[in-house]
Amino acid sequence: MTEETPGFKSGYVAIVGKPNVGKSTLMNALVGQKLSIVTRKPQTTRHRIIGVLTEPDFQAIFLDTPGIIDPRYGLHRSMMKAVSSATAEADLVLFLAAATDESPDEKSLARLSADVPAILVITKSDLVPPSAALPLAEAYLAQRPFEAVVPVSGKTGYQVDRLLTEIVGRLPAGPQYYPSEMVSEHPERFFVSEIIREKILELYREEIPYAVQVNIVEFVPAANKKKTRINADIVVERSSQKAVLIGKGGAALKRVGIRARRDIEQFLGQEVFLQLYVKVRDDWRNADGMLRDFGYET
Ligand SMILES: Nc1nc2c(ncn2[C@@H]2O[C@H](COP(=O)(O)OP(=O)(O)OP(=O)(O)O)[C@@H](O)[C@H]2O)c(=O)[nH]1
Ligand SMILES: [Mg+2]
């Protein structure tokens with residue numbers, strides 16, 4: 001932690017909203033780097049993910065969060081804890097609604113405490129004509145005061161700069177919490193496990209992506225001209241899911257490995273030797289002990 005410089009601003013900015021609204025895409029766009037995984041499927045993000053943006057006059061610490069849902073498993077309860085802890089810590093909340101939504105998202109709004117300052121961010125604005133989302137914004141404003149309303153597209157970058165200006169204008173004076181070169185505080189192995197899970201979300205259907213947990217068992221950084229060696233366990237809940245994951249003759253799992261390795265190599269900037277093992281752990285999504293071992297808040 002560095003000393004407080006006069007005029008320097010810093011603070012925590014929580015990004016919240018329902019599943020699939022574009023929270024992770026927006027955080028990646030704000031930070032200028034892909035930190036959080038993004039897929040077409042809801043409930044992609046399971047943790048509170050930190051992304052730090054440092055400029056000469058401010059440091060914004062973004063907290064990407066899981067989409068707000070009614071919990072059905074222990075895993076879901078942990079995900080909703082991540083939302084609560086992020087909003088409790090936040091100096092400012094970005095409340096996300098998609099331009100394509102037909103009505104306000106009452107459930108997520110109900111979880112937003114009345115006294116936290118929030119900006120209403122209308123995401124996916126590239127998908128509708130300008131001003132099409134005005135009635136939606138008005139419906140939100142009728143329910144709660146917002147500091148500002150900003151339509152953006154995390155995908156095209158439309159108005160992400162303007163949103164950042166609105167954010168920085170509301171950060172309190174404060175110190176630089178993280179060193180300038182630090183964009184996150186999760187270890188590399190966390191991002192590696194997320195990349196593998198992203199490929200599983202992309203490649204499998206129905207309940208499989210939701211029943212999967214990825215644990216990095218071994219991570220040996222490259223040395224002496226050898227590749228970085230990574231062994232990961234893919235944990236599922238039933239042996240039938242294991243069979244689907246592996247596929248005929250191992251073909252399906254091989255595809256996961258090929259795609260994941262490519263992205264992990266890009267992320268680490270090193271060549272990687274990746275080995276994946278599939279394991280069955282009955283009902284892990286409801287077992288507090290396993291959830292804790294797997295790194296979830298319980
Ligand atoms: N057209 C368009 N698509 C977007 C935009 N932002 C996100 N998406 C897409 O919407 C889907 C969900 O995006 P995410 O960023 O993963 O959404 P999320 O809110 O983090 O989702 P969860 O983590 O599951 O809660 C992906 O297919 C994205 O490519 C946007 O601004 N425009
Ligand atoms: Mg997400």
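Two strands count as paired here if DSSP finds at least two bridges between them. With that in hand, let's walk through this predicted model, starting at a sheet.

Three strands make up an open sheet, ordered 7-8-9, with mixed pairing. Strand 7 (213–220) and strand 9 (272–280) sit at the edges with a single partner strand each, so one side of each has no neighbour in the sheet. Going from one strand to the next, the twist averages 20°. Strand 7 and strand 8 (residues 228–236) run antiparallel and are joined by seven bridges. If you want a spot to zoom in on, try Val214, which stands opposite Ile234 in strand 8.

Now bring in the helices. Helix 6 lies across strand 7, strand 8 and strand 9, and runs at about 135° to strand 7. Helix 9 packs on the sheet too, touching strand 7, strand 8 and strand 9, and its direction makes about 135° with that of strand 9.

These two helices also meet each other. Helix 6 (residues 188–203) packs against helix 9 (residues 251–268) at an angle of about 145°, and their axes are 9 Å apart. The crossing is right-handed. Helix 6 brings residues including Phe191, Val192, Ile195 and Ile196 to the contact, while helix 9 brings, among them, Val256, Ala260, Ile264 and Phe267. What kinds of residues make up this contact? They divide into 11 nonpolar and seven charged, with no polar ones. Among the charged residues in the contact you'll find Glu188 and Lys199 on helix 6, plus Arg255 and Asp263 on helix 9.

Back on the sheet, have a look at Lys279 in strand 9. Is Lys279 buried or exposed? Neither, quite: its relative accessible area is 31%, so it falls in the partly exposed class, between the 20% and 50% cut-offs. Lys279 touches Asp233, Ile234, Val235 and Val236, leaving aside residues up to four places away in sequence. With Asp233 there is a polar contact between the two side chains, at 3.0 Å. Lys279 is also 8.9 Å from Arg238, C-alpha to C-alpha, with their positions 41 residues apart in sequence.

One last stop: Thr44, in the loop between helix 1 (23–31) and strand 2 (49–55). Thr44 has 7% relative accessibility, and because the cut-off for buried is under 20%, it counts as buried. Its side chain reaches the backbone oxygen of Lys41 at 2.7 Å. Setting aside residues up to four places away in sequence, Thr44 touches Ile37, Thr39, Arg197 and Leu201.

Terms used:
Residues are numbered from 1 along each chain as its sequence is written. Chains are lettered from A and ligands numbered from 1 in the order in which they are written. This is a predicted model: local features need pLDDT of at least 70, side-chain atom pairs count only at pLDDT 80 or more; totals for chains, interfaces and linings use all residues. Side-chain values use heavy atoms; hydrogens and water are left out. Axes are lines fitted to C-alpha atoms, for helices over the stretch in contact, and angles run from 0 to 180 degrees between N-to-C directions. Helices (H or I, at least four residues) and strands (E, at least two) are DSSP runs, numbered from the N terminus. A crossing is left-handed if the near helix is turned anticlockwise from the far one by less than a right angle, and right-handed if clockwise. Contact means heavy atoms within 4.5 Å. Buried means under 20% relative accessible area, exposed over 50%, partly exposed in between (1.4 Å probe, protein chains only). A polar contact is a pair of N or O atoms within 3.5 Å; within protein, one must be able to donate a hydrogen and the other to accept it, and residues adjacent in sequence count only if both atoms are side-chain atoms.
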